Amino acid sequence: MEQVHLFTKKLKPTHISHTLSFPTHVLEAFPFPEGAHMMKFEAVDATDNVWRFCLSTRLTGAYPKPVLLRSSWHRFVEQKGLAPEDRVVFFMERDDMVRRYTVRAQRKVMILMGQDVWVDVEDLPLYGL
């Protein structure tokens with residue numbers, strides 16, 4: 001099963017304190033029930049913990065503006081110790097009937113030869129203390 005990169009987002013202060021907006025094009029990776037504007041899904045992190053998120057789209061407007069609801073997103077932010085300038089990366093694996101999502105919380109640790117070097121927060125010293 002191949003892992004497909006859905007998106008990477010560098011976090012801003014509003015992402016930390018409120019909701020995480022999703023790019024509209026990734027909605028095709030989430031099977032919303034017919035007529036629904038909200039769906040729950042699970043994503044596994046780097047330590048195999050399962051996170052339950054609630055993805056919502058708005059009911060009116062020119063485009064759906066998908067977001068992870070704060071009620072499901074904020075626990076992840078707190079547990080990972082995320083701050084502005086960190087990033088999250090979402091992936092999906094899909095076989096015949098099942099979609100599996102993965103989420104990574106990452107922090108830039110250095111610039112090496114002009115390239116940003118990102119590390120999963122779980123791999124940083126002092127994580128979880």
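Trainee: In this predicted model, where does V89 lie, and why is V89 called buried?

Mentor: V89 belongs to strand 6. Its relative accessible area is 4%, and buried means under 20%, so V89 counts as buried.

Trainee: What does V89 touch, beyond residues up to four places away in sequence?

Mentor: Its partners there are H5, F7, T8, T102, V103, R104 and Q106. Take T102 from that list: V89 and T102 are 13 residues apart in sequence, and their C-alpha atoms are 8.1 Å apart in space.

Trainee: Staying with T102, is that residue buried or exposed?

Mentor: Buried. T102 has a relative accessible area of 11%, and the cut-off is under 20%, so T102 falls on the buried side. T102 is part of strand 7. Not counting residues up to four places away in sequence, T102 touches Q3, A43, V44, V89, F90 and F91.

Trainee: Strand 7 also holds R107. Why is R107 called partly exposed?

Mentor: Its relative accessibility is 26%. Partly exposed is the range between the buried limit of 20% and the exposed limit of 50%, so R107 belongs in that class.

Trainee: Which residues are in contact with R107, leaving aside its neighbours within four places in sequence?

Mentor: They are G81, L82, A83, D86, V117, W118, V119, V121 and L124. For V121, the separation from R107 is 14 residues in sequence and 6.1 Å in space, C-alpha to C-alpha.

Trainee: How do you know that M113 is exposed?

Mentor: M113 has 80% relative accessibility, and exposed means over 50%, so M113 counts as exposed. M113 sits in the loop between strand 7 and strand 8.

Trainee: What makes the phi of M113 worth a look?

Mentor: Most residues other than glycine have a negative phi. M113 is not a glycine, yet its phi is positive, about 50°. E85 is also not a glycine and has a positive phi, of about 85°.

Trainee: And where does E85 lie, and how is its exposure classed?

Mentor: E85 is in the loop between helix 2 and strand 6. With a relative accessible area of 47%, and over 50% needed for exposed, E85 is classed as partly exposed. Right after helix 2 comes G81, again with a positive phi, near 65°.

Trainee: Which residues of helix 2 are buried, and what do they pack against?

Mentor: The buried ones are S72, W73, H74, F76, V77 and K80. They pack against helix 1, strand 2, strand 4, strand 5, strand 6 and strand 7.

Trainee: Helix 1 includes H15. Why is H15 called buried?

Mentor: H15 has a relative accessible area of 7%, and buried is under 20%, so the label fits H15. Outside its neighbours within four places in sequence, H15 is in contact with K9, K10, L20, S21, W73 and V77.

Trainee: W73 has come up twice. Which residues have the most contacts inside the largest nonpolar core?

Mentor: W73 is one of them, along with F22, F30, F41, F53, L82 and F90, in a core of 29 residues. At least two residues of this core come from each of strand 1, strand 3, strand 4, helix 2, strand 6 and strand 7. As for F30, not counting residues up to four places away in sequence, F30 touches L6, F22, M39, F41, L55, R99 and Y101.

Trainee: How many helices and strands does the protein chain have, and in what pattern?

Mentor: There are 2 helices and 8 strands, and along the sequence they run β-α-β-β-β-β-α-β-β-β.

Trainee: Why is the protein chain called as compact as a globular protein of its length?

Mentor: Its radius of gyration is 15 Å, and the globule rule gives 14 Å for 129 residues; those are close, so the description holds. The C-alpha trace spans about 45 × 35 × 30 Å along its principal axes.

Trainee: How much of the protein chain is buried, and what share of its contacts is long in sequence?

Mentor: Buried residues make up 37% of the 129 residues. Among contacts between residues at least 6 apart in sequence, 53% join residues at least 24 apart.

Terms used:
Residues are numbered from 1 along each chain as its sequence is written. This is a predicted model: local features need pLDDT of at least 70, side-chain atom pairs count only at pLDDT 80 or more; totals for chains, interfaces and linings use all residues. Side-chain values use heavy atoms; hydrogens and water are left out. Helices (H or I, at least four residues) and strands (E, at least two) are DSSP runs, numbered from the N terminus. Buried means under 20% relative accessible area, exposed over 50%, partly exposed in between (1.4 Å probe, protein chains only). Contact means heavy atoms within 4.5 Å. A nonpolar core is a set of buried Ala, Val, Leu, Ile, Met, Phe, Trp, Tyr and Cys residues joined through side-chain atoms within 4.5 Å. The radius of gyration is taken over C-alpha atoms; the globule rule is 2.2 Å times the number of residues to the power 0.38.
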